[in-house]
Amino acid sequence: MTATSWAETKLMRGRTLRVIAHDPLPVDAEGTPQPLPADFVMGIGGATETLLELTPRRHVGRALDIGCGSGAQTLFLDADRIIATDIDERALAAANASCHLSGFRRLEPDVWRNGDTLIEFRQGSLLEPVEGQRFDLIVANPPFVIEGVGHVHRDSPLPGDGLVRDLLAQLPSHMNEGAVAVLLASWMHPADGDWEERLADWLPDEVSTWVAQRDVLDIDAYIDVWSADAAVPPAERLLWRARLEALGASGIGFGWIVLHRARAHWSVIEDVSTASRVPDGDEVLAQLAAFASPPDALTLLGRSWTFADTHWRGPLALGPVEAALLDEVRTGATIEAAVAAVATRLPVDADDLLALALAWARDAALRGYLVPA
Ligand SMILES: C[S@@+](CC[C@H](N)C(=O)[O-])C[C@H]1O[C@@H](n2cnc3c(N)ncnc32)[C@H](O)[C@@H]1O
């Protein structure tokens, strides 16, 4: 291990301030980015921020952070007991330094106390260090870059997108009843098939799963994105491209996957690339609840609904009939009453209007735009 003087980044979420230790991005005297060392410990990247936003912030008994790196996720978890794992010794050194800089009390090597929270860092691959253990909340910003050039901090240790397949298979047995697991992930779009079908085959039966694709890039754009700050040389980029082609990938999708162990079982795989922003932890929980209990027709028709005007998914596209229905819903009308009112205003067949209203309201409720008033 090389002697390290860490860069320090102050990070504030709500009223919680943490100081995160990490490596500075290497640049030459002119400020040009230089290739990242293989054992680079990253700071607060876009992916770090995304997972921080997505993570539900309710106090739990036991929480797990897989691939903790600098400790940026670990230090914001709210739990009695936190275990944070990483394969990389330098990452664990940085995470320990972050605890120190953030004023936590060191009990012994790799074990810290902050108020009532006990934090333990363990070295090892993925879920190996927590074999046989279960948690109430699991977060992972894993090394998800597919077929990258060997950066421990972000390039998947498994061929292709095997990391997603393996985590989906292994995570459920580490989840207590009611547990939520939130992970960032990348998956291949097969040149000769459907990405949703491919992922659907990997979804575990024991838990509910929400896969949300934020974006998809063709393989050249993907390599560009992940080469930019790492200064990957052209020859390595060509080899990277060849590896992705050999795996049959035409593009790479990325986003988040949320698992929920609860009585209701469902799975949703969707593209959310038109969303205005990433949902926060409360919105993630609300979305899980909406997916878990889609209202039946009677409930849909008989209830008053509140419409979420500012939704993380962005504005809801509305045709003229849906817009007219929504005007009524905003006044407190049930869907049934809204249908009756719109029938008097627009020249639409009554049966068609009812069917359209039900389909619209069901979809809007499922995606969290319509919330029971
Ligand atoms: C993308 S970084 C995330 C760091 C931090 N959690 C964050 O959100 O900023 C991924 C982390 O996974 C670690 N890692 C790489 N391979 C791993 C493996 N097989 N098992 C566990 N951690 C691994 C890396 O060392 C790195 O710290």
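In the predicted model, the largest nonpolar core holds 82 residues, and L137, I138, A181, V182 and V258 are the members that touch the most others. Strand β9 (residues 175-190) contributes the largest share of this core, with 10 residues. For V258, contacts beyond four places in sequence are made with V180, A181, V182, W210, V284 and L288. A second core, separate from that one, consists of 17 residues, among them I335, A338, A357 and Y369. In soluble globular proteins, nonpolar side chains tend to be buried together.

An open sheet is formed by 10 strands in the order β5-β6-β7-β4-β3-β8-β9-β11-β10-β12, and the pairing is mixed. The edges are occupied by β5 (105-108) and β12 (267-271); each of the two has a single partner strand, so one of its sides has no neighbour in the sheet. From one strand to the next the twist averages 20 degrees. Helix α7 (residues 281-292) packs on the sheet and touches β9, β10 (208-218), β11 (249-260) and β12. The direction of α7 makes about 115 degrees with that of β10.

Within the sheet, strand β3 (residues 60-66) has parallel pairings with β4 and with β8. The pairing of β3 with β4 involves six bridges, and L64 is placed opposite I83 of β4. The pairing of β3 with strand β8 (residues 135-140) involves four bridges, and here L64 is placed opposite I138 of β8. I138 is also one of the residues that touch the most other members of the largest nonpolar core.

Strand β4 is mostly covered, with six of its eight residues buried. Besides its pairing with β3, β4 is joined by six bridges to strand β7 (residues 117-123), again in the parallel sense. In this pair D86 stands opposite Q123 of β7. In a regular strand the side chains alternate between the two faces of the sheet.

At the β5 edge of the sheet, the pairing is antiparallel: three bridges link β5 to strand β6 (residues 111-114). R106 faces W112 of β6 in this arrangement. The hairpin of β5 and β6 has two residues between its strands, and D110 takes a positive phi near 70 degrees there.

The ligand is surrounded by 24 residues, of which T48, G67, G69, D88 and N141 come nearest. By residue class, the shell comprises 12 nonpolar, nine polar and three charged residues. At least two shell residues are supplied by each of α1 (46-54) and β4 (79-86). The contribution of α1, three residues, is the most that is given to the shell. Strand β4 thus appears both in the shell around the ligand and in the sheet, where its place is between β7 and β3.

Outside the sheet, A373 was examined individually. A373 is located in the segment that follows β14 (370-372). The residue counts as exposed because 11 other C-beta atoms lie within 10 Å, and the limit for an exposed residue is 12 or fewer. With residues up to four places away in sequence left out, A373 touches S304, W305 and T306. Between A373 and V164, which are 209 residues apart along the chain, the C-alpha separation is 38 Å.

Definitions and conventions
Residues numbered from 1 in each chain as written. Predicted model: local features only at pLDDT ≥ 70, side-chain atom pairs only at ≥ 80, totals over all residues. Near = placed C-beta within 6 Å. Nonpolar A, V, L, I, M, F, W, Y, C, P; charged D, E, K, R; others polar. Core = buried A, V, L, I, M, F, W, Y, C linked by C-beta atoms within 7 Å. Buried ≥ 20, exposed ≤ 12 C-beta atoms within 10 Å, placed from the backbone. Contact = placed C-beta atoms within 7 Å. Pairing = 2+ DSSP bridges. Axes fitted to C-alpha atoms, helices over the stretch in contact; angles between N-to-C directions.
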